[in-house]
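I set out to record what can be looked up in this structure, beginning with its enclosed spaces and ending with a single residue. The entries follow in the order in which I made them.

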Amino acid sequence: MTCFALYRLPDQETATRITSSKSPILMQSCNELNGQQGFVVAPFTPSPHTPILLIEAESVETFTPSQPTALPIGIAKERDNREEYARHFSLYHEQIAMGHFEKIVLARGCRVEMHGQPHVEDLFNRACRLYPHMFVALVHTPECGTWLTATPEVLLQGHGKQWSTAALAGTMPCQEKNTPQWSNKNIAEQQLVTTYIAQCLHNWGTHIEQNGPHTVQAGALLHLKTTFNFTLNDAQLVGNLLDELYPTPAVCGTPKEATREFIMVHEGAARQYYSGFMGPLSLSDHTHLYVSLRCMKIEQNRCLLYAGGGLLPDSNEQEEWNETQAKMETMLKLLKTTD
């Protein structure tokens, strides 16, 4: 079966289609990406069931995303479990209160049933039109299934020795006129991610320039963002840097390994490839890897949507639930019959 990846970089008018008749290369560590080329699809945690996938680019073509040829099929039913989320919030928040974690990200899934089977490339075209400033990607392999993402968060990009990354943490709804007033919780969350990334980069790069945080818009949401530009000491070891960076506290927590292990054991919906990363690696000597947020797995006439939020000591359960609802709207908007 053919593997493919369609992607459109932020603020670009054209997209790229990668196809391969070969099975993707399966990996268990980002270190194995050193010296490789292709399109990467990485899970939240590599395992035999959810390996890192590298689609080799047998065919690469550039195209302009078209207007969708048909309206979405429309939503028949949404299934989420409000009570289950409240139980998990209590469990996670207790760990923070006991001092086991400084921050931990609680995610959830929502199963959406459709009236019929949507055309996946139409959904990709629609995402490109609705979210021009995000990284949009549609990926399919037999190993991971079919995933669509429209994400604002870059994990790592660059070429040669010139690279960049960003800390994106803190969320609130867009405000039409007023200057955003960020809560102490959002500011603290942003600082945790910024500090973590800065520490990682000092191990692998030099001439690090840090700018921010500043407010950016992604769809109907605002985020706090700090950018980093740096010189990578050895571009052949980009996999080692990825292994240290990912997953950042923006999608996992601190300390990283302890929170990731807790999430894998206790979270209600298996994340699979949500909150991992994807994108082209060393294609035409350029790399653009983005965190797989605002995404869904497409299974015939149903979709599994994911969203999460970072919990700190002063997190409020209802506010966190509302944040996941707002984040899921990015994908839900693609499935509804009107924009």
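**Notebook: cavities, overall form and one histidine**

I began with the second largest cavity and sorted its lining by class: six residues are nonpolar, three are polar and none is charged. I note that the model is a predicted one. The residues that line the second largest cavity are L155, Y246, P247, T248, V251, S275, G276, F277 and V291. I found about 40 Å³ of space in this second largest cavity.

I then asked how many cavities of 30 Å³ or more there are. The count is two.

I turned next to the largest cavity, which holds about 210 Å³ of space. Its lining comprises 22 residues, and I listed those nearest its centre as A250, L293, R294, G308 and K327. By class, I recorded ten nonpolar, six polar and six charged residues in the lining of the largest cavity.

Which elements each supply at least two residues of the lining of the largest cavity? I noted strand 8 (103–114), strand 12 (162–173), strand 19 (302–311) and helix 6 (317–335). The largest share comes from strand 19, which gives five residues to that lining.

I looked up the chain as a whole and found six helices and 19 strands. The radius of gyration is 19 Å, close to the 20 Å that the globule rule gives for 339 residues, so I entered the chain as being as compact as a globular protein of that length. Along the principal axes, the C-alpha trace spans about 50 × 50 × 45 Å.

I also checked burial: of the 339 residues in the chain, 55% are buried. Taking the contacts in the chain with a separation of 6 or more, I recorded that 74% are between residues 24 or more positions apart.

My last entry concerns H288, which I located in strand 17 (residues 287–291). With which residue does the side chain of H288 make a polar contact of 3.1 Å? The partner is the side chain of Q157. Setting aside neighbours within four places in sequence, I listed the contacts of H288 as L9, L156, Q157, M278, G279 and P280. Q157 therefore appears twice in my notes on H288, as a polar partner and in the list of contacts, where contact means heavy atoms within 4.5 Å.

Technical notes:
Residues numbered from 1 in each chain as written. Predicted model: local features only at pLDDT ≥ 70, side-chain atom pairs only at ≥ 80, totals over all residues. Heavy atoms only, no water. Helix = DSSP H or I, 4+ residues; strand = E, 2+ residues; numbered from the N terminus. Polar contact = N/O pair within 3.5 Å; in protein donor to acceptor, adjacent residues only side chain to side chain. 1 Å grid on protein atoms, 1.4 Å probe; cavity = no way out; pocket = protein on both sides within 12 Å on 5 of 7 lines; lining within 4 Å. Points joined across faces, edges and corners; volume = space filled by probe spheres on them. Nonpolar A, V, L, I, M, F, W, Y, C, P; charged D, E, K, R; others polar. Rg over C-alpha atoms; globule rule 2.2 N^0.38 Å. Buried < 20%, exposed > 50% of the residue type's maximum accessible area, 1.4 Å probe, protein only.
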